[in-house]
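Trainee: I would like to go through this model with you, piece by piece. May I put short questions as we proceed?
Mentor: Certainly; please begin wherever you wish.

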Amino acid sequence: MSTLASTIDPPTSDMAIPAPRRVAVIGGGLSGLAAAHRLRELDSGAEVVLFEATDRVGGILATTRREGWLIERSADMFSTREPWALDLCRRIGIAEELIETDARFRRAYVVRRGKLIPVPEGFTLLSPARVWPIVTTPLLSLRGKVRLAWEYFVPRRESASDESLESLVVRRFGREAFDRLVQPLIGGIYTADPAKLSVAATLPQFVELEREHGSLIRGMRWKQAASRGKEAGTGARYAQFVAPRDGMQRLVDALAARLPPEVIRLGAPVERLSHHAECWEVTIRGEASPLRFDDLIVAVPGHVATRLLQSVDQQLADLLGKVTYAGCSVAVIGVRQDQLARQLQGFGFVVPAIERRSIIAGSLASLKFPGRAPEGKLLLRVFVGGALQPELAGLPDEELRTLVLGELRELLGLTGEPEFFEVVRWLGMMPQYHVGHLDLVSQIETQAAKLPHFALAGNSLRGVGVPFCVRSGERAAEAILASRGAAASASPEAARG
Ligand SMILES: Cc1cc2nc3c(=O)[nH]c(=O)nc-3n(C[C@H](O)[C@H](O)[C@H](O)COP(=O)(O)OP(=O)(O)OC[C@H]3O[C@@H](n4cnc5c(N)ncnc54)[C@H](O)[C@@H]3O)c2cc1C
């Protein structure tokens with residue numbers, strides 16, 4: 001693989017050898033690791049130090065094991081539709097370890113009056129690509145189906161301004177399709193309030209379809225024809241997702257292993273940042289003197305960045321503080337298959353808010369990928385809270401257990417006690433891209449660009465999914481190198497090798 005460093009002419013004997021650049025990366029989640037890795041990949045002489053507050057890298061991404069079970073504490077797969085994570089896996093040598101979702105179970109269910117009904121085949125996120133499954137689904141009333149089909153004739157929106165997911169879907173497909181299908185499907189992914197969620201920031205492909213084709217159904221059918229039906233099915237959407245055989249932790253471990261050992265500093269919570277006379281100062285909690293760096297990449301959650309940057313640029317800190325966060329708790333449950341009276345043949349189910357239940361979604365994690373549960377057993381992950389029920393995510397473990405198991409008894413016919421029940425808390429950890437988010441991000445980026453040798457990365461800006469975090473880290477690294485002119489002689493794309 002060629003690197004940027006190898007494309008730059010070596011210094012001649014009468015040229016002064018420039019001192020190696022010292023770059024600080026704050027935050028050892030996927031975004032920060034991707035940034036540190038990209039810096040070293042493009043400039044192997046760079047002295048990179050990555051500061052991570054906790055005693056492990058990976059941040060939100062974490063995989064744990066217990067007697068035959070493989071448990072994902074947050075993300076359990078990533079999309080290959082966007083190339084950045086897959087491309088990184090290839091470059092760090094773990095592409096061969098990626099496994100696809102089990103084709104036998106590529107479907108999801110929606111709760112309707114306490115029953116689990118399959119999502120109509122061909123319904124991808126918020127638009128149908130096939131007619132017959134919609135005609136026959138018991139999820140919608142006849143009136144709801146007619147209104148959904150009427151989408152074909154709903155005039156194109158004239159305004160180019162952002163709108164909420166709820167506004168787009170109700171406008172085009174009607175209230176019923178929104179309440180019974182789209183709200184739970186999207187709510188399950190973003191744990192968001194669809195009345196606030198920006199479509200431009202989260203589902204721009206649908207904005208584009210309306211703009212280009214005047215109708216989402218027409219646009220989906222056009223896409224289906226163009227891909228000769230390959231993209232039409234709900235199952236086809238799941239075919240885009242992969243995970244490392246050993247779990248998502250493998251991705252961060254492989255990234256960390258590519259960095260020289262002196263790069264990563266664990267247990268190093270950054271308390272203060274400042275910029276003086278062409279250099280950045282990083283102060284670690286409990287350490288008296290700050291450390292000096294030429295460049296700085298901040299890859300921590302938005303609310304942490306807000307705090308750290310207050311002393312550097314109040315305006316930037318204020319803008320970052322405008323990105324709001326929600327949270328959820330994930331109940332991870334191991335059961336025997338014969339404990340479930342209703343055996344789902346799918347990856348999981350989502351729960352519409354109108355059903356007034358206390359869980360957002362349930363994932364049959366061990367049906368998605370092999371090797372997640374012992375023979376004859378099932379690994380379930382149940383999501384609680386989100387932007388619409390924040391009070392539930394914070395319930396004490398015992399109350400959460402009673403609530404979740406109660407729901408599973410009603411919905412899946414769970415009997416007896418699970419083999420284990422763990423709670424993973426992600427309170428205030430999920431950025432919410434509200435209407436106007438892209439404008440806010442533009443303002444943040446404009447303000448950040450005024451700071452010398454500085455870049456931001458992380459999931460609070462241009463995508464929460466794993467591929468987007470990789471892209472944010474890599475772009476930050478490339479921007480830092482470009483700011484010093486080092487990247488001028490080779491484009492990042494060329495340097496990928
Ligand atoms: C429950 C859940 C399920 C998800 N499922 C999926 C999925 O299936 N697919 C998918 O693509 N995405 C999924 N995501 C999203 C994705 O996992 C995250 O967006 C991504 O991992 C975030 O990475 P990050 O590096 O930007 O942030 P983080 O992982 O939050 O990393 C930030 C790091 O900064 C550190 N830090 C904080 N403060 C300081 C400080 N002062 N000094 C030093 N270090 C500090 C933190 O300890 C942390 O390690 C999910 C997220 C959640 C919560």
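**Strands, helices and the ligand shell**

Mentor: Let us start with one pairing: A108 has G348 in β18 as its bridge partner. Please bear in mind that this is a predicted model.

Trainee: In which sense do β7 and β18 pair, and over how many bridges?
Mentor: Strand β7 runs parallel to β18, residues 348-350, and three bridges link them.

Trainee: What about β7 and β8, parallel or antiparallel?
Mentor: Antiparallel, over four bridges, with β8 spanning residues 115-118. Within that pairing, V110 is bridged to I117 of β8.

Trainee: How many residues lie between the strands in the hairpin of β7 and β8?
Mentor: Two residues lie between them, and R113 takes a positive phi near 50 degrees in this hairpin.

Trainee: How many residues of β7 are buried?
Mentor: Four of the five residues in β7, which covers 108-112, are buried, so the strand is largely enclosed by the rest of the structure.

Trainee: Turning to another sheet, in what order do β5, β6 and β11 lie?
Mentor: The order is β5-β11-β6, in an open sheet of three strands with antiparallel pairing. The edges are occupied by β5 (78-79) and β6 (98-100); each has a single partner strand, so one side of each is left without a neighbour in the sheet.

Trainee: How many bridges join β6 to β11?
Mentor: Three, with β11 comprising residues 241-244. One of the residues involved is E100, whose bridge partner in β11 is V242.

Trainee: Now a helix, please. Which residues of α10 are buried?
Mentor: In α10, residues 216-226, the buried residues are L216, I217, G219 and M220.

Trainee: Why do they line one face of the helix?
Mentor: Viewed down the axis of α10, the buried residues fall within an arc of 160 degrees, so they share one face of the helix. In general, an α-helix has 3.6 residues a turn, so residues three or four places apart point the same way.

Trainee: And which exposed residues does the face turned away from the buried side of α10 carry?
Mentor: That face of α10 carries A225 and A226, both exposed.

Trainee: Where does P133 lie?
Mentor: P133 is part of helix α4, residues 132-136. P133 is partly exposed, having 18 other C-beta atoms within 10 Å.

Trainee: Which residues is P133 in contact with, apart from its neighbours within four places in sequence?
Mentor: P133 is in contact with P120, E121 and G122. G122 is eleven residues from P133 along the chain, and their C-alpha atoms are 7.5 Å apart.

Trainee: Let us step back. What domains does the assignment give?
Mentor: It gives domain 1 (4-59 + 248-323 + 434-495), domain 2 (119-238) and domain 3 (324-432). The centres of domain 1 and domain 3, taken over C-alpha atoms, are separated by 35 Å.

Trainee: How many residues are in contact between domain 1 and domain 3?
Mentor: Eight residues of domain 1 are in contact with five residues of domain 3. On the domain 1 side, they divide into three nonpolar, five polar and no charged.

Trainee: Finally, how many residues surround the ligand?
Mentor: There are 36, and the closest are G27, G29, G59, I60 and A75. By character, the shell around the ligand has 23 nonpolar, eleven polar and two charged residues.

Trainee: Which domains and elements supply that shell?
Mentor: Domain 1 and domain 3 each contribute at least three residues. Helices α2 (30-42) and α19 (466-483), along with strands β17 (324-336) and β21 (420-432), each supply at least two.

Notes: Residues are numbered from 1 along each chain as its sequence is written. This is a predicted model: local features need pLDDT of at least 70, side-chain atom pairs count only at pLDDT 80 or more; totals for chains, interfaces and linings use all residues. A residue is near a molecule or strand if its C-beta atom, placed from the backbone, lies within 6 Å of it. Ala, Val, Leu, Ile, Met, Phe, Trp, Tyr, Cys and Pro count as nonpolar, Asp, Glu, Lys and Arg as charged, and the others, Gly among them, as polar. Domain bounds come from an automatic or database domain assignment. Two residues are in contact if their C-beta atoms, placed from the backbone, lie within 7 Å. A residue is buried if 20 or more other C-beta atoms lie within 10 Å of its own, exposed if 12 or fewer, and partly exposed in between; C-beta atoms are placed from the backbone. The arc is that of the directions from the helix axis to the C-beta atoms. Two strands pair if DSSP finds at least two bridges between them.
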